[in-house]
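User: Could you take a close look at one part of this protein for me, the largest nonpolar core? I'd like to know which residues sit at its centre of contacts and what lies around it.

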Amino acid sequence: MISEEMKTRSMKHELTNRKIAGLIFSRDRAIQLCAVLESFHARCRDRHAVALYVLFKVSDEMNRRQYDALKKRFADVTFIEETHFKQQTIDIAAGGDHVLFMVDDNLFVRDFHIEQAIAGLQHHPEAIGFSLRLGRNTVHNYNRNVRMTLPEFACIDTGVLKYDWTSERHDFGYPLEISSSVYRTADILPLIRQLDFANPNLLEGLMAANARPLAARWPCLLCFDLSVTFCNPLNMVQTVCTNRTGGDARYSARNLAALYADGWRIDIAHYNGLIPCGCHQDMELVFRKESADTTVAVPLVTIEMITCNQEKYIRRAIDSVLAQTYPNFELLIVDDGSTDATPRIIASYTDSRVRCIFQEHKNRWAGTNRALAEARGRYILAVDSDDFIASDYLEKMVAFAEKHPDVDYVYPAELLLVDPQDQPTGARWQYHDFADNRLLPHYLFDQGHSPIPYPGSLRRMTLFQKTGPYDELPNVADFVFLCRNALKISFKRVADHATYYYRVLTNSLSRNFDARDRTIARTLHEMVALYPPEALCPAAADVDDPVLKTARLHQYAAETFRKHAAGYHLVKNGDYFRHYAALHQQESHYPPSAAAHHTWHKQETCPLVTVEMVTYNNARYIGRAIESVLAQTCTEFELLIVDDGSTDDTADVVDRYADSRIRYIRRPHVSCAAARNHVLRAARGTFILCVDSDDFIGPDYLRKMLACAGQHPDVDYFYPAQLTPVDASGRPDGKVWRYSDVPDNRALPGYLFHQAGSPIPNPGSLKRRSMFDRTGPYDEFETVEDFVLLCRHALKIRFKRVDDHAAYFYRRLDSGLSRKAEARDRITSEILSEMVQTYPAELLLPQIASVTDHAAKQQLYLEYLARIFEKHAAGYHMVRHGRYFKKYADACRFKLKNTSQAGREMLQRA
């Protein structure tokens, strides 16, 4: 059974890695653009998921200087001056799976998650987009100055609404706009390419004019319950059309530019929690004064301080940070719902380097992820709100990190423990050097705690592009983070560092023993599936026989879990560890590997193999498929037929067979992938053998596949070396489909990406059911779910090609699922793009591993990605809808424009 936790984690991983291009249109309004960027950074809780671009135009040198200042202040935003508006808009939008359009008079007033909008679009394909400016509160249409009637909303998620825009008027009947809406790039870009526009106003007007023909396909629009942004129409800087504006001369673009030059900024905090009555609303501006330094300063380091009810200690922590000899930092405090005097203490600091974000109480790791989303520095340093640091701590850590640009995670050699009165206890926590990260998985597994501290650590923000954020657990999320990502991170211990004072408190979160022990036990168990045997159990490296190697690993795991269960390293709840000790002890007993034709012992209630047969309207062929299974010389199986809503005589055909080994399950029609997941839930066998309902197999097929499985108990996925295609009458067509041997799964991602096809078949494959405990179920796409499984989980699966197998006869039918060409091409292109975000570059293009120059490596890699997407777009491997691949090729070409001269020179030499 696939756990709900695994499904949630899979969905979370998918959302975290999705690309969103945020495009802001701006002209001569630096002070208003600054407010857009500040309010978006403050209110978008998952800001890290959006790549922000500003496409701007200036009319004089004063405005140019102000935009130049914004470029320096917002270093994580890409500013592009307008030259060819249409092409630049298309290029930027093509860089993401989704595009968020904004304009420079937006103000964000309420916390939100952009990924909630993406999830809504993912699960509601009938929705044309997701509006951030609509909600139950938007009752006034500004342009016509009339009251609007709210549509009939349906609640589809917490705080998310859906309605039919096709029958609505005014703003609710205006689904395509560019001021604050999210669209699927694959949906909106084809329309934009067809339009003839040269500025934002024409773009929106033409989009709106072409919305009605899209109503049949996308009749719905999504929005939050309350809008999270609105536009403040203060002035007009374009001459294309006459829009309604506030008309207050104080707020002319020229006057606001003068205020900006004098150091005034719009005070976005004044509008927090505002509930606007419409998409556009006149609002009086409230300003704050900033020094010249703060308008352009971009900190190198963000110091992260997560706090909750630490009124007794936080002042000492803040003071120690503000006393640092190294000046180029910001202190980002995330208050996780304090109910004591902590907020008042923080508010008493007027230092411009201090930023504070208040969130409803959840846990410190939710606060850490918020800090990651909000951080402006290239590094992030953790200082707990009950600790404090020496005045030169940051200076020494930054100096060390700058000397080691290839290191992700710099940490102190020791922490000095202090009591509640700030007095040293006489104890120090000392940490090992893990410059070789290959040693780390064994230590984590064997010791059940981390040899690398989180407090006092200095991490590059680019690290989280490889790992994703922390799991928002009650505690030990830093330990879980290292267990899952040890080999993705390069570490360096700093021996010569200033003192980090770590306060020991009996009520700290780490004392929640039950939750801590449960999480640690589960995480250690996950590591057994995540890492090769020798990474956790070094003694396994000396064992050549794969059966004995795997048995040695499980025996070692059982011994280690028993050690933890006995109270090792402060374990209080040994039952969690004893549970996994028993599981691994059972796994340590395998059948002899020498038995070429192993005799499997039948269990009393459970068959050894579940033969999976998913069917949909295959009454003509399924009888031949069933008979070929029932004729197997090996009889220890069940035949599980899942009918995905057939409307022909399939059920009548199945009913003719009275064999007790057949189980027949009917379900409403959804997809083949959904039916395969039903098999995973209902299967009783240790193995699952896939036989499609229009195929058939030789009588010795199952026995020979099991014989190979008996010899290789460390392998998850056994597949035939070839399939024999047959026509509709079941006659071989004289061809044979042969498949490559993939003994090293590290070679698989590169092949999948390069070919957009798999060297490993799903029909005829024999899989251990336990494999899906690591991968999760199939993603329920319309088609190619088996290809998606391999793309996402290639490194989690151990493969074996079976050369000595009986024939598998694959029936080629034009009505097969593989003929869903457009869905296949769309899904394949999206998954290949996802692989670029998921896998290290060296796995997709091994040749660049030897390139040491970072800029050259990046250029070579982008050039390769662009060429591969262009190859697929041109029709490689039966691609019929190349536009899906073309958009990713265009995005790679766009990124190539910004590569370094060193990269270009390396490319020429190569």
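Analyst: Happy to help; here is a walk through that core, followed by a few other places worth a glance. Please keep in mind that this is a predicted model.

The largest nonpolar core has 95 residues. Those touching the most other members are Val609, Met613, Ile626, Phe718, Phe753, Leu766 and Phe869. Helix H30, spanning residues 854-873, is the top contributor, giving eight residues to this core. As background, nonpolar side chains in soluble globular proteins tend to be buried together.

Let's zoom in on Met613. Beyond its neighbours within four places in sequence, Met613 is in contact with Ile622, Ala625, Ile626 and Val629. Its list of contacts also includes Leu639, Leu640, Ile641 and Val642, as well as Val691, Asp692 and Ser693.

There is also a second, separate core, made of 90 residues. Among them are Tyr379, Tyr409, Leu463 and Leu524.

Two backbone details may interest you too. Ala756 is not a glycine, yet its phi is positive, at about 55°. Ala756 sits in the loop that runs between helix H25 (748-755) and strand S35 (766-768). With a relative accessible area of 12%, Ala756 counts as buried because that value is under 20%. Asp422 likewise has a positive phi, near 75°, and belongs to the loop between strand S22 (414-418) and strand S23 (424-430). Asp422, however, is partly exposed, at a relative accessible area of 25%.

Notes: Residues numbered from 1 in each chain as written. Predicted model: local features only at pLDDT ≥ 70, side-chain atom pairs only at ≥ 80, totals over all residues. Heavy atoms only, no water. Core = buried A, V, L, I, M, F, W, Y, C linked by side-chain atoms within 4.5 Å. Buried < 20%, exposed > 50% of the residue type's maximum accessible area, 1.4 Å probe, protein only. Helix = DSSP H or I, 4+ residues; strand = E, 2+ residues; numbered from the N terminus. Contact = heavy atoms within 4.5 Å.
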